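Grab a pencil and work through these exercises with the structure open beside you. Try each task on your own before you read its solution.

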Amino acid sequence: VTAIVVNHTSIVVSWMRPALKQLRGPLVAYVFYYKVKGSPPANATALSVGLQTMRLLIDLQPNTDYEFTVSLDNGIGVAVSDAVVARTLDGAPEGVRQPAVRVLTSTEVEVTWFA
């Protein structure tokens, strides 16, 4: 499993199909799991992705560690990958209004803003 950070809200996660002898049966489907690192397993989001080997995640939180795993179902049993962690990039502040600048003197200005 490999995770590539795209920007402050997106990560691409991909994985390789195992060799046929490792599958020990036909590949039925993958299930992709992700969660904020350190959160309980019950908080993981599970996405059935069929036979796809890549997932683009969007609308993630900036500057946050996410943990990814993939499970493989061969119709007889399920195998789960080791977890991979990736951190989204820092993002621009959100919800901050443009600052107001007021000239006080020839050498002083006052800058104010509100979140």
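**Exercise 1.** Which residues does phenylalanine 114 touch, not counting residues up to four places away in sequence?

*Solution.* Keep in mind that you're looking at a predicted model. Start by finding the residue: phenylalanine 114 sits in the segment after strand E10 (109–112). Next, look for contacts, meaning heavy atoms within 4.5 Å. With residues up to four places away left out, phenylalanine 114 touches Gly95, Val96 and Arg97. You can also check a C-alpha to C-alpha distance: alanine 100 is 14 residues away from phenylalanine 114 in sequence and 9.4 Å away in space.

**Exercise 2.** Sort phenylalanine 114 and valine 96 into buried, partly exposed or exposed.

*Solution.* You need two cut-offs here: buried is under 20% relative accessible area and exposed is over 50%, with partly exposed in between. Phenylalanine 114 has a relative accessible area of 54%, so it's exposed. Now for valine 96, which you'll find in the loop between strand E8 (84–87) and E9. Its relative accessible area is 42%, so valine 96 is partly exposed.

**Exercise 3.** Which residues make the nonpolar surface patch of about 600 Å², and which elements give two or more residues to the nonpolar patch?

*Solution.* List the members to begin with: Val96, Val101, Val103, Val109, Val111 and Trp113 make the patch. Then match them to elements: strand E9 (100–103) and E10 are the ones that give two or more residues.

**Exercise 4.** How many aromatic pairs are there? Work out how the rings of phenylalanine 32 are arranged with those of tryptophan 15 and phenylalanine 68.

*Solution.* The count comes to 4 aromatic pairs. To describe a pair of aromatic rings, you use the distance of the centres and the angle of the planes. Rings pair if their centres lie within 6.5 Å, and planes under 30 degrees apart count as stacked.

- Tryptophan 15 and phenylalanine 32 have ring centres 5.7 Å apart and planes at 10°, so this pair is stacked. Tryptophan 15 is in the loop between strand E2 (11–14) and helix H1 (20–23), while phenylalanine 32 is in strand E3 (residues 29–36), 17 residues apart.
- Phenylalanine 32 and phenylalanine 68 have ring centres 6.0 Å apart and planes at 15°, so that pair is stacked too. Phenylalanine 68 lies in strand E6 (residues 65–73) and phenylalanine 32 in strand E3, so the pair ties together parts 36 residues apart in sequence.

**Exercise 5.** Are tryptophan 15 and phenylalanine 32 buried or exposed, and which residues form the aromatic cluster?

*Solution.* Tryptophan 15 and phenylalanine 32 are both buried, and phenylalanine 68 is buried as well. The one aromatic cluster is formed by Trp15, Tyr30, Phe32, Tyr34 and Phe68.

Terms used. Residues numbered from 1 in each chain as written. Predicted model: local features only at pLDDT ≥ 70, side-chain atom pairs only at ≥ 80, totals over all residues. Heavy atoms only, no water. Helix = DSSP H or I, 4+ residues; strand = E, 2+ residues; numbered from the N terminus. Buried < 20%, exposed > 50% of the residue type's maximum accessible area, 1.4 Å probe, protein only. Patch = residues over 30% accessible without salt bridge, like charges linked within 9 Å, V, L, I, M, F, W, Y side chains within 5 Å. Areas by Shrake-Rupley, 256 points an atom, 1.4 Å probe, with all protein chains shown as cover. Salt bridge = Lys/Arg side-chain N within 4 Å of Asp/Glu carboxyl O. Phe/Tyr/Trp six-rings, centres within 6.5 Å; stacked < 30°, edge-to-face > 60°.
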